[in-house]
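Here is a set of questions about how the labels given to parts of a structure follow from computed values. Each answer sets a value against its cut-off.

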Amino acid sequence: MSIAAALGETIEEQPHKNRPQKSGRFTPYWLLLPGLLWLTIFFVVPLVTLFGTSLMTPVPGGDVGEFEQTFHFANYIDTLTDSTYYVPLFRSFLYSGLATVLALAIGYPLAYAIAFKGGRYRNILLVLVIAPFFVSFILRTVAWRQILADEGPVVAILRSVGLVGETAGVYPSAFAVIMGLTYNFLPFMTLPIYASLERVDRRLIEASGDLYAKPFTGFRKVTWPLSLPGVVAGTLLTFIPAAGDYVNAALLGRPSNTMIGNRIEYTFLSVNDYPTAAVLSFILMATILVLVLLYIRRMGTEELV
Amino acid sequence: MRTWFGNNALKVYAVIAFAYLLLPVAYTFVFSFNDAGRTNIVWQGFTLDNWKNPCGAPQVCESVVNSIVLALGVTIVSTLLGTLIAFALVRYQFRGRGTTNLTIFLPMATPEVVLGSSLLALFLNIFVPLGFWTVFIAHVMFCISFVVVTVKARLASLDPRLEQAAMDLYASEREAFRRITLPLVAPGIAAAALLAFSLSFDDFIITNFNSGQFTTFPKFVYVSATRGIPAQANVIASAMFFIALALVLVTQIRTIRRKET
């Protein structure tokens, strides 16, 4: 399953021991040139431009959307001390963190079931994991909105069981947003975990049983550590896009559930306050980088990046 | 007894998890038959009209055509550029490998809002009008990394001795590449191309920042979500779902059969 391989590979490096020595000192550079040029012009340069934009101030007496470069670093302080911005920023990390934990709780057993009980149907089951991607991400999120709506089936069931009161609902709410995030990124969690579980040598698990380890001990001491690269990849592939997402919050939440992505989109595209939007983008990126580095160090897999 | 329960608990669990994953897909399919007209929210009765006339609602088919044209172009360019990078990374030792790897990895580790807003900041600063080409540039940018990673995985698992053997049999370097390496890497390149196509076709956030008046299918669905999405959008999504699923399942079943015989 190449998509699984792709996702599993994102933070892994597979050096090949006997790589052929090719002739032509400059050949690799010619191969790299077009792609790296594209990435430099349209990824690196924009980030620099965005940083420049984050230090701009409005032109005095200018129109909406007119800014000049003043290297006004105070933009960062102004934005970070404004509760309309730091509250959604905090909420983004809370929601995406919860969604990541939930996706791990759902995705790990699923990946385990496919890898160890899937038999010859493993590849077909993997196709079913990615099958939701064949339907537009936005349409699926809109579908959840209607499934969770007051007239929908979920509320009807929850009301009949008494979990939800006669007047209360589940959409729109923080619960719906977190559920939507969990749902949308679940395949990104499941595939890399599957990829590393599939590589686990079954004889190691049998050996743990031969050494009188109970199945759970065997799992804790053998299977789980060996699947950690997949867990790390999966949690990052869930957490990073979830923290920046604004579709779930926009479609499944209330205004009180907005995430930082919603604020960035709104300040950039609706208010045309480019410097503030740029500051927010940078703070989001920096926070994610710091969290990811801390996490990777904590998991002891820094050599993987 | 315990193992019997263990096996089946896991299977039951998997069924529930798959139900969760596929419920919105099923919902989209069922509501493609809804006799609802413009606001496809509440079930109002079964009809085949939406399937008979998928372009019946305004803008649905235009946005789908836009998305397909865009995704095809993005697939061709990003697969080409990404495959070249993957070859350089796996087959050559050169200075700057680390920096290259980082440049490939970072776009995947950057949230889409940041990618989208940074490109928009660039386009606004140099006064590039937004439209098809700005979205194209943005999509190629984020697809390259995924292509590199997919092709690299396939290339790294190839035994380079096959190529050496070909050269021992007097194949030139170019011939060995064309007749041995390329056919063996082809499935990886095909997978990368499919991935690029689906990433581009389904992208919303980066598109929304850089598209201006140009409308793709996801953007059309998002914009009409407040007013009500026409059932024709469900028809198109369902049709694409079944086509993609059939294609992938056929290739998977074939590989299973081939392994068994």
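Q: Is A:Asp201 buried, partly exposed or exposed, and what makes it so?
A: The model is a predicted one. In it, A:Asp201 has a relative accessibility of 30%. Partly exposed is the class between the buried limit of 20% and the exposed limit of 50%, so A:Asp201 counts as partly exposed.

Q: Why is the pair A:Arg203 and A:Asp201 called a salt bridge?
A: The N to O distance between the side chains of A:Arg203 and A:Asp201 is 2.9 Å. The rule asks for a side-chain nitrogen of Lys or Arg within 4 Å of a carboxyl oxygen of Asp or Glu, so A:Arg203 and A:Asp201 meet in a salt bridge.

Q: What makes A:Arg203 buried or exposed?
A: The relative accessible area of A:Arg203 is 60%. Exposed means over 50%, so A:Arg203 is exposed.

Q: How do you know that B:Asp159 forms a salt bridge with B:Arg161?
A: The closest N and O atoms of B:Asp159 and B:Arg161 are 2.8 Å apart. The limit is 4 Å, so the pair B:Asp159 and B:Arg161 qualifies as a salt bridge. B:Asp159 itself has 31% relative accessibility and counts as partly exposed.

Q: Why do B:Glu175 and B:Arg179 count as a salt bridge?
A: Their side chains have an N to O distance of 4.0 Å. The rule accepts pairs within 4 Å, so B:Glu175 and B:Arg179 are counted as a salt bridge. Both residues lie in helix α8 (residues 173–202) of chain B, four residues apart, which is about one turn of the helix. By this rule the count over all chains comes to four salt bridges.

Q: Which of B:Glu175 and B:Arg179 is exposed, and which is partly exposed?
A: B:Glu175 has a relative accessible area of 32% and is partly exposed. B:Arg179, at 56%, is exposed, because exposed means over 50%.

Q: What makes B:Ser238 buried or exposed?
A: B:Ser238 has a relative accessible area of 3%. Buried means under 20%, so B:Ser238 is buried. B:Ser238 is found in helix α11 (residues 231–260) of chain B. Leaving aside residues up to four places away in sequence, B:Ser238 touches B:Thr28, B:Phe29, B:Ser32 and B:Trp51.

Q: Why are α6(A) and α8(A) called oblique to each other?
A: The axes of helix α6 (residues 137–147) and helix α8 (residues 174–198) of chain A cross at roughly 140 degrees and come within 11 Å. Roughly antiparallel needs an angle over 145 degrees, and roughly perpendicular runs from 65 to 115. The angle fits neither class, so α6(A) and α8(A) are oblique. The contact is made by A:Phe137, A:Arg140, A:Thr141 and A:Trp144 of α6(A) with A:Met179, A:Tyr183 and A:Asn184 of α8(A). These residues divide into four nonpolar, two polar and one charged.

Q: What makes α4(A) and α12(A) oblique?
A: Helix α4 (residues 83–117) and helix α12 (residues 260–270) of chain A have axes that cross at roughly 140 degrees and come within 7 Å. That angle lies between the perpendicular limit of 115 and the antiparallel limit of 145, so α4(A) and α12(A) are oblique to each other. In the contact, A:Thr84, A:Tyr85, A:Pro88, A:Leu89 and A:Ser92 of α4(A) meet A:Ile260, A:Arg263 and A:Thr267 of α12(A).

How values were computed: Residues are numbered from 1 along each chain as its sequence is written. Chains are lettered from A and ligands numbered from 1 in the order in which they are written. This is a predicted model: local features need pLDDT of at least 70, side-chain atom pairs count only at pLDDT 80 or more; totals for chains, interfaces and linings use all residues. Side-chain values use heavy atoms; hydrogens and water are left out. Axes are lines fitted to C-alpha atoms, for helices over the stretch in contact, and angles run from 0 to 180 degrees between N-to-C directions. Helices (H or I, at least four residues) and strands (E, at least two) are DSSP runs, numbered from the N terminus. Angles under 35 degrees count as roughly parallel, over 145 as roughly antiparallel, 65 to 115 as roughly perpendicular and the rest as oblique. Contact means heavy atoms within 4.5 Å. Ala, Val, Leu, Ile, Met, Phe, Trp, Tyr, Cys and Pro count as nonpolar, Asp, Glu, Lys and Arg as charged, and the others, Gly among them, as polar. Buried means under 20% relative accessible area, exposed over 50%, partly exposed in between (1.4 Å probe, protein chains only).
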